[in-house]
Amino acid sequence: MSKPFLSLPASQARAIWLRAQRLDIAAPFGAGPGAVRKAVEHLGYVQIDTINVIERSHHHILYTRIPDYHTTDLETAQSEDKSVFEYWTHALAYIPTRDYRMFVPAMNRFRAAPPAGYATVTARDYAGLLRRIREEGALSIRDFKDEALVEKTHPWGSRKPSRQTLRWGFFSGDLTVSRRTGMLKTYELAVRHFGWRQRPRPVSDQQFAHYLINRALRSQGIVSVDSVCYGNSAAKAAVRQWLDAAVKRRRLVPVNLAEAPGLAHWTEPDQLEMPVTPATEPMTHILSPFDPLIIQRKRLALFFGYQHLFEAYVPPHKRVMGYFALPVLVGDEIVAALDLKMDRQAGRLLVQNWHWLTPARPALKAAIEQALDKFELFHLAAMDNGGAGRL
């Protein structure tokens, strides 16, 4: 007989998730490159994105949890400490280097059956690229002078065929991004970058499923099969087996949200023992649309009753909240969405649209204004600029 599911009020479910995301306390990871390592290890990954109307998402996500964050801290973690590396989760992301072997199976699958778009990469060209990096050191796409250019297949792509050859090396695991300057990536031999004699051995499917569950429990607190397997749907069967076994061993408790009794979730017993007490001074966070709290849209709607609209690719006349709206979390409630833009020439953070999701209150607006002041200072520091205030 299966164990009955415990019904949790939404307030308790949100408290568990926010605690797991480290959004309920200030500076949970400290400061400096070491804080970057701790944050990425705790969250499991930090998504990378090219949009830069404000500071790019990977820096924004880290700033949210590291108030004294500097963009150079991530550069140090990646290029000098080598505690994080880039690879694909549900999207391109920074991942803890300690978890590298969890992604070796994906690298091997790419090598065995690459997508059709890589058919133009020849064995001769690839061997030549590896030889050149081995002899000259790490290289970026700017170091390649392709004679015959091709049409772009993506707005942020390159007309150089060498880019696809570099990407082959990256996804197959022979190469790693040793340095990122803006969105310009420098590629190095993975074994040389990390100082390995050989690449770590791949994990089994069961080990990978266990890794996904532990990562989700650590960063989500309450998990579902979908939230564990976000971007890894092939692992669902193995994940379900692990969850069932963990319930039988009493390591996990099956729970439902009171508002959605038909959706199965699981959590660790000690999570249910922690009291839910409203903060006297709720924390305010301006979140990236790629933040781990926001990116799983269905989960966000279930826990917070908020359906985020990402409208960067929506025609301007059809947008509701703006090109790059950012959800604003105050305490355990998403209260507003702000469409922001950094005027880098003037050194000002522009509020292009302020969309309230709850009734506006003076104290609430004051808290958001204070968060915006800090957010602007973060951007000015990232620009190594000074001066002007927000419009």
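Reader: What is the relative accessibility of R37?
Author: This is a predicted model, in which local features need pLDDT of at least 70, side-chain atom pairs count only at pLDDT 80 or more, and totals for chains, interfaces and linings use all residues. Residues are numbered from 1 along each chain as its sequence is written, and side-chain values use heavy atoms, with hydrogens and water left out. Buried means under 20% relative accessible area, exposed over 50% and partly exposed in between, for a 1.4 Å probe and protein chains only. R37 falls into the partly exposed class, at a relative accessibility of 31%.

Reader: Which residue does R37 meet in a salt bridge at 3.1 Å?
Author: A salt bridge is a side-chain nitrogen of Lys or Arg within 4 Å of a carboxyl oxygen of Asp or Glu. The partner of R37 lies 4 residues away in helix α2 (residues 33-43), so about one helical turn separates the two; helices here are DSSP runs of H or I with at least four residues, strands are runs of E with at least two, and both are numbered from the N terminus. At 3.1 Å from N to O, the side chain that R37 meets is that of E41.

Reader: Is E41 buried or exposed?
Author: E41 pairs with R37, which is partly exposed. The relative accessible area of E41 is 15%, so this residue is buried.

Reader: How many residues apart are E41 and R98?
Author: E41 also forms a salt bridge with R98, whose closest N and O atoms are 3.6 Å apart. This pair links distant parts of the chain, with E41 in helix α2 and R98 in the loop between β4 (92-96) and α5 (104-112), at a separation of 57 residues.

Reader: Which residues are linked with R37 and E41 in a network of salt bridges?
Author: R37 and E41 form a salt bridge with each other, and E41 forms another with R98. The network joins these three to a further residue, and the members besides R37 and E41 are R98 and D99.

Reader: Which residue meets R111 in a salt bridge?
Author: R111 sits in helix α5 and its partner in the loop between α7 (161-172) and β6 (175-181), so the pair ties together parts that are 63 residues apart in sequence. R111 is partly exposed at 34%. The partner is partly exposed too, at 24%, and at 2.9 Å from N to O it is D174.

Reader: What kind of aromatic pair do F85 and F103 form?
Author: Rings of Phe, Tyr and Trp (its six-membered ring) pair if their centres lie within 6.5 Å; planes under 30 degrees apart count as stacked, over 60 as edge-to-face and the rest as tilted. The structure holds 30 such pairs. With 6.3 Å between the ring centres and 75° between the planes, the pair F85 and F103 is edge-to-face.

Reader: Where does F103 lie?
Author: F85 and F103 are both buried. F85 belongs to strand β3 (residues 84-88), and 18 residues away F103 lies in the loop between β4 and α5.

Reader: What is the distance from the charged end of R299 to the ring centre of F303?
Author: A charge sits over a ring if NZ of Lys or CZ of Arg is within 6 Å of the ring centre and within 35 degrees of the ring normal. R14 sits this way over F304, at 6.0 Å. For R299 over F303, the distance is 4.4 Å.

Reader: Which residues does A10 touch, not counting those up to four places away in sequence?
Author: A10 lies in helix α1 (residues 10-20) and is buried, with a relative accessible area of 10%. Its C-alpha atom is 6.2 Å from that of L257, 247 residues away along the chain. Contact means heavy atoms within 4.5 Å, and A10 touches E259 and F303.

Reader: Which are the edge strands of the sheet with β11, β12, β13 and β14?
Author: Two strands pair if DSSP finds at least two bridges between them. The sheet is open and antiparallel, in the order β11-β12-β13-β14. The strands that pair on one side only are β11 (284-286) and β14.

Reader: How many bridges join β13 to β14?
Author: β13 and β14 form a hairpin with 4 residues between them, and G347 in the turn has a positive phi of about 70°. A337 stands opposite H355 in β14. Strand β13 (residues 333-343) and strand β14 (residues 348-356) run antiparallel, and the number of bridges joining them is 8.
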